[in-house]
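Please open the model in your viewer and keep the selection tool at hand. The stops below say what to select next and what is found there.

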Amino acid sequence: MNLQTILTFTALASVAILSPGPATILAIRNATAFGVRSVVWSALGNVSGLFCLSAASMLGLGVLLESSALLFGAIKILGALYLFYLGARQLFGRTDALNSGAGSTARALAPTPHRLYREALLTAATNPKPILFFTALFPQFVSEQAPLLPQFFALTGIFVTLSFFSLLSYALVASRARVLLSRPQFSRWVNRTFGAIFIGFGTALLTLRRQAN
C-alpha cells in the first residue's frame, strides 16, 4: 500500500465522515448536555462499532447484506428502532438533558461512561450503511498481492481515527454554545430538535435500499 493509495482513501473517508449522521448528532447532544469529556466515551463506542462493521465487511457480511433482503431488512429495522428510541427519549424524557451539566444533583444524573460508550456502540453497530460503505470502498484500495490483515488494520485505523477526531471536533464546537443552549428558553427546543433529528435518521434508514446485484 503506497502513499498515494493512503492519501486517496483518507480523502474519501474524510468526506464520508464529515457528513453529519447519527453519531454526530449523538456527540453534539452529549457535548451540550454533559461536556466534551463525555463525548470521548461516546466517540470510543462509535469507533468500536465501526471497527466491528469494518471487520464484518471484510469477512463477507457486506456481500451477504447485499444479497439477502431478509438480513438487510432485519438489521435496518433494528437500527431504525434504536434511533427512534433515542429520539423518543429526547422528546419525552422527564429530565432536561441540557441542564444536566450544572449542579451536583444534575451531575449525578449524567450517564456513566459505560452507558455513553454502549449507546454509541449500538448506534454504530445497528446501522448497515457503514458495512455497505466498507464493502464498496475497501476492494478499491486493497492489493491482492499483499497480505490482507495489515491492509485491513491500516484502512480501518485511518477511518476510525478520522471518525474519533471528527466527533471530538463537533463536540468542541457544540460545547461553545452550551451556556446559551442550557438556558430554559432554549433547552426544551433543543431537546425536541435532537429528538426529531434522531427520528429523522431512523426514518431515512428505513428507506435505505440494497444495491442491485
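The tour goes from the whole chain to a helix pair, then to single residues, and ends at the empty spaces.

This is a predicted model, in which local features need pLDDT of at least 70 and side-chain atom pairs count only at pLDDT 80 or more, while totals for chains, interfaces and linings use all residues. Residues are numbered from 1 along each chain as its sequence is written, and side-chain values use heavy atoms, with hydrogens and water left out.

**The whole chain**

Begin with the full chain in a cartoon view, where the secondary structure comes to eleven helices and zero strands; here helices (H or I, at least four residues) and strands (E, at least two) are DSSP runs, numbered from the N terminus. Of the 213 residues, 42% count as buried, a word that stands for under 20% relative accessible area, whereas exposed stands for over 50% and partly exposed for what lies in between, with a 1.4 Å probe and protein chains only. Among the contacts (heavy atoms within 4.5 Å) with a separation of 6 or more, 88% are between residues 24 or more positions apart.

**Helices α3 and α7**

Next, select residues 36-58, which are helix α3, together with residues 113-125, which are helix α7; the two pack at an angle of about 35°, and their axes are 7 Å apart. The axes are lines fitted to C-alpha atoms, for helices over the stretch in contact, and angles run from 0 to 180 degrees between N-to-C directions. Show the side chains where they touch: the residues of the contact include Trp-41, Leu-50 and Leu-53 of α3, and Leu-116, Tyr-117 and Leu-121 of α7. Sorted by class, this contact has eleven nonpolar, six polar and no charged residues, where Ala, Val, Leu, Ile, Met, Phe, Trp, Tyr, Cys and Pro count as nonpolar, Asp, Glu, Lys and Arg as charged, and the others, Gly among them, as polar.

**Three single residues**

Stay on helix α3 and select Ser-54. Is Ser-54 buried or exposed? Ser-54 is buried, because its relative accessible area is 0%, and, leaving aside neighbours within four places in sequence, Ser-54 is in contact with Phe-134, Phe-138, Phe-152 and Thr-156.

Then move to Gly-60, in the loop between α3 and α4 (61-67), which counts as partly exposed at 28% relative accessibility. Add Ile-131 to the selection: Gly-60 and Ile-131 are 71 residues apart in sequence and 9.7 Å apart in space, C-alpha to C-alpha.

Thr-193, found in helix α11, is also worth selecting with Gly-87, since their C-alpha atoms are separated by 9.1 Å although the two are 106 residues apart along the chain.

**The empty spaces**

For the last stops, turn on a surface view. On a 1 Å grid over the protein atoms alone, a cavity is a set of points where a 1.4 Å probe fits but cannot get out, and a pocket is an open set with protein on both sides within 12 Å along at least five of seven lines; lining residues have an atom within 4 Å of a point.

The largest pocket has a volume of about 650 Å³, the space filled by probe spheres set on the points, which are joined across faces, edges and corners. Of its 24 lining residues, select Ala-16, Gly-21, Pro-22, Asn-127 and Pro-130, the closest to its centre. Helix α9 gives the largest share of the lining, four residues.

Finally, the structure holds one cavity of 30 Å³ or more; the largest cavity has about 40 Å³ of space, and its lining includes Pro-22, Leu-83, Asn-127 and Leu-205.
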